[in-house]
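Please work through the exercises below with the sequence and the coordinates at hand. Each task is followed by a stepwise solution.

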Amino acid sequence: MMTLPRNCTFLESDWRALAPYWYPVAFSREVADRPFAATLLDERLVIWRTGDTLTAARDLCLHRGVPLSMGSLENGDLVCAYHGFRYDACGQCVKIPAHPSAAIPPKLRLQTYDVTEAYGLVWVRLVREGGDPELPDFACWDDPSYLQVLPDSVELDASAGRQIEGFLDVSHFAFVHVESFGESQNPEVPTYPVEDTPRGFRADYRSTVSNYPTHLKHLNPPGFEWRRLFEVFLPFTAKLTVFFPNDGQLHILNAACPVSARKARVFVPICRNFDKDAPLQATLDFNHQVFAEDKAIVEQQYPEELPIDLHEEVHIRADRSSITYRQKLAALGLGRTFTA
Amino acid sequence: MSAPAASAPGVPLPPPVTGPLPRGCTFAESDWRILANFWYPVALSRDVTDQPVAAKLLDQRLVLWRTSDTLTCANDLCLHRGVPLSMGSLENGDLVCAYHGFRYDACGQCVKIPAHPSAAIPPKLRLTTHPVREAYGLVWTCLAAEPAGTFPELPEWDDPAYQQALPDPLDIACSAGRQLEGFMDVAHFAFLHANTFGDPNNPYVPNYPVERAPHGLHIEYRSTVGNYLRQDGTEAPPEEGVLRVFDCFLPFATRLKVHLPDGAHLVILDCASPVSARQTRLFAPLLRNYDTDQPLEPFIDYNVTIFNEDRAIVQAQYPEDLPIDLLEEVHIRADRTSIAYRQELGRLGLGEAYTT
């Protein structure tokens, strides 16, 4: 069994439940000609690219405790900044410059992790057994009938669970998002169905709150029913499809990287099959505004960890998504230490 | 990797220092009680003049002040209302608290309470003071009444053939052990110091002997890596190589003497003063017996540049505490010094909290 990261901020049982899932840790574009440092579930990672191989390893030279992300890439090898130890794409040490002819013990090999790329992101899975071996589904990213957009990530001083739950929440539009798309006179939340899926659940929410920005609300066809379909891939990714007039579809993948128990980096690839020629900046600005509005709230919530025990907070009918979300996280094994 | 070759007895094991630990102590208790036995520099002599000076050693806050013929080091706390005495002033050889004007003499004894000038002052109104020495332009102290270990030796400081230089102290966010080990490391020149004296095409580390000595360790490293600014084009290492002699005075000081061609010597005393478990103040007197008619500033700047190259790495190393347990990191032949250093620190009793 893998040892917990140094200074792990998660309860051990939570960490072990979360480790066998894929999480995004970087934009693909961030991993170029230099090693890149990231942290996932408190594990410090170095990610580097050689030719067509991408490697994710523990960010620690085994020799004298220096983060390999301070190093450089040379001829496809990762080179430590301190003594020039070289590691190949498998994490094996292949050169010790102080003793070029000495044999290198096979155990001089970095701990590596499963890594892959999709949706413009680099994904890592720390533990192979259990969990979910598949990435969250976002097929529209490779569909030419869609426009693909990759906004900047959002860094939050909050737990990933609180962030995801906020993304799924449908009763805060009229309050938190008044400046962007919410309608302060339209706070009522119709009942909506929530269904289990093999990898989480889906919530099919229909209301009259349009998804147009405040200054474009006049585009809303009278009486149009806005459908928002949320699909959760446990534990920390959710896909939202917003059905626009004239068969327009907007897909937003909210993929939260749990950096630590109280820190998240959220990646939000977006696809849409309309307005494909419109300038992107307006979309990026709008998206940034909505996430900034949520960030201001989510960073203030406490207890900081999402309360898995349903008795800890009060629930209303509009919270069917978040109640289900907490129940599903409990079923993964989260919050054991809380509730025991 | 074996123990140091020679069999000198090494530094005698000091007894644990008793008494309360400093407030907010960041060291494991067993480590602190061992480390408190030794001398460490806490200030430059030239910085302790007509004002009290604050310092910190092993998490203990200290105040230093100078009267005509005495330099005193005491805990930096007025016994009356908890104000650091380093906020105060010096008057007629007394240290005066900034808050209520309590005056303390060079022994730390309170000699005046201005609110009640005629009342008797109890003898227990006396600051806790510590032994003080001035050497090599530095003020040294020890938190134990009876210092242990060998006081670091720098005979060149008093040799008129040498020119003295004293850079300002350098604050480094790392443990003293990590800093000192980096100073003694000979396998990183080609990588970290490629812009100063290292040669990126010469990373090879020849074998070298490491001996235990009464003061700690004695290491003689001969290689073809010079010690000059590479850019100035003067570097042409002699065929017999350059000899670097390291003498480590346990736990956290090392003198390096670099034997350059034509009898030229560069001497550096690297003193990693342990402010806390993860904060170090580096004092490094420098000496040279060449270019002694040249200005000091470029000489100091060059060496400070090298110290800063090391600083960037040692601040990033983790675990932050030097791993005393040799199994925690991987070692190569070039690491004979650091292996021996960790073993000697372990022999002193450091790292017990880790390994047990």
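The exercises that follow concern a predicted model and treat overall form, domains, the chain interface, a helix pair and local backbone features.

**Exercise 1. Describe the overall form and fold content of chain B.**

Step 1. Begin with secondary structure: 6 helices and 20 strands are found in chain B.

Step 2. Turn to the dimensions. Along the principal axes, the C-alpha atoms of chain B occupy a box of roughly 75 × 55 × 35 Å.

Step 3. Compare the radius of gyration with the globule rule. For 356 residues a compact globule would have a value near 21 Å, and the 22 Å of chain B agrees with this.

Step 4. Consider burial and contact range. In chain B, 42% of the 356 residues count as buried. Of the contacts in chain B with a separation of 6 or more, 59% are between residues 24 or more positions apart.

**Exercise 2. Determine how the two domains of chain B are placed and what domain 1 contributes to their contact.**

Step 1. Take the bounds from the domain assignment: domain 1 of chain B covers 39-141 and domain 2 covers 155-355.

Step 2. Locate the centres. Over C-alpha atoms, those of domain 1 and domain 2 of chain B are 34 Å apart.

Step 3. Count the participants: 11 residues of domain 1 of chain B and 12 residues of domain 2 of chain B form the contact.

Step 4. Assign the domain 1 side to elements. In chain B, β1 (40-44) and β2 (53-57) are the elements that give two or more residues to this side. The largest share, 4 residues, belongs to β1(B).

Step 5. Classify that side of domain 1 of chain B: 8 residues are nonpolar, 1 is polar and 2 are charged.

**Exercise 3. Carry out the corresponding analysis for chain A.**

Step 1. The domain assignment places domain 1 of chain A at 12-125 and domain 2 at 139-339.

Step 2. The centres of these two domains of chain A, taken over C-alpha atoms, are separated by 32 Å.

Step 3. Their contact involves 16 residues from domain 1 of chain A and 17 residues from domain 2 of chain A.

Step 4. On the domain 1 side, at least two residues each come from α1 (12-18), β1 (23-27) and β2 (36-40) of chain A. By class, this side of domain 1 of chain A holds 11 nonpolar, 3 polar and 2 charged residues.

**Exercise 4. Characterise the side of chain B that touches chain A.**

Step 1. Establish the extent: 18 residues of chain B contact 19 residues of chain A.

Step 2. Identify the leading element. Helix α3 (residues 189-192) of chain B gives the largest share of the chain B side, 3 residues.

Step 3. Classify the chain B side: 14 residues are nonpolar, 2 are polar and 2 are charged.

**Exercise 5. Analyse the packing of α2(A) with α5(A).**

Step 1. Recall that a pair of packed helices is described by the distance and the angle between the axes.

Step 2. Apply this to helix α2 (residues 160-168) and helix α5 (residues 320-332) of chain A: their axes come within 9 Å and cross at roughly 145°. The crossing of α2(A) and α5(A) is right-handed.

Step 3. List the contact residues. Gly161(A), Glu165(A) and Leu168(A) of α2(A) meet Ser321(A), Ser322(A), Tyr325(A) and Leu329(A) of α5(A). This contact comprises 3 nonpolar, 3 polar and 1 charged residues.

Step 4. Assess the burial of α2(A): 9 of its 9 residues are buried, and the helix is mostly covered. Among the buried residues of α2(A) are Arg162(A) and Glu165(A).

**Exercise 6. Locate the cis peptide bonds before Pro303(A) and Pro251(B), and decide whether Leu58(B) and Asn92(B) are buried or exposed.**

Step 1. Note the general expectation: most peptide bonds are trans, and most residues other than glycine have a negative phi.

Step 2. Inspect the prolines. The bond from Tyr302(A) to Pro303(A) is cis, with omega near 0°, and Pro303(A) sits in the loop between α4 (280-298) and α5 of chain A. The bond from Leu250(B) to Pro251(B) is also cis, with omega near 0°; Pro251(B) belongs to the loop between β16 (242-249) and β17 (253-259) of chain B.

Step 3. Inspect phi. Leu58(B) has a positive phi, near 50°, and is placed in the loop between β2 and β3 (60-67) of chain B. Asn92(B) has a positive phi near 50° and lies in the loop between β5 (89-91) and β6 (94-96) of chain B.

Step 4. Apply the burial cut-offs: 20 or more other C-beta atoms within 10 Å for buried, 12 or fewer for exposed. Leu58(B) has 24 such atoms and is therefore buried. Asn92(B) has 8 C-beta neighbours inside 10 Å and so counts as exposed.

Terms used
Residues are numbered from 1 along each chain as its sequence is written. Chains are lettered from A and ligands numbered from 1 in the order in which they are written. This is a predicted model: local features need pLDDT of at least 70, side-chain atom pairs count only at pLDDT 80 or more; totals for chains, interfaces and linings use all residues. Domain bounds come from an automatic or database domain assignment. Two residues are in contact if their C-beta atoms, placed from the backbone, lie within 7 Å. Ala, Val, Leu, Ile, Met, Phe, Trp, Tyr, Cys and Pro count as nonpolar, Asp, Glu, Lys and Arg as charged, and the others, Gly among them, as polar. The radius of gyration is taken over C-alpha atoms; the globule rule is 2.2 Å times the number of residues to the power 0.38. Axes are lines fitted to C-alpha atoms, for helices over the stretch in contact, and angles run from 0 to 180 degrees between N-to-C directions. A crossing is left-handed if the near helix is turned anticlockwise from the far one by less than a right angle, and right-handed if clockwise.
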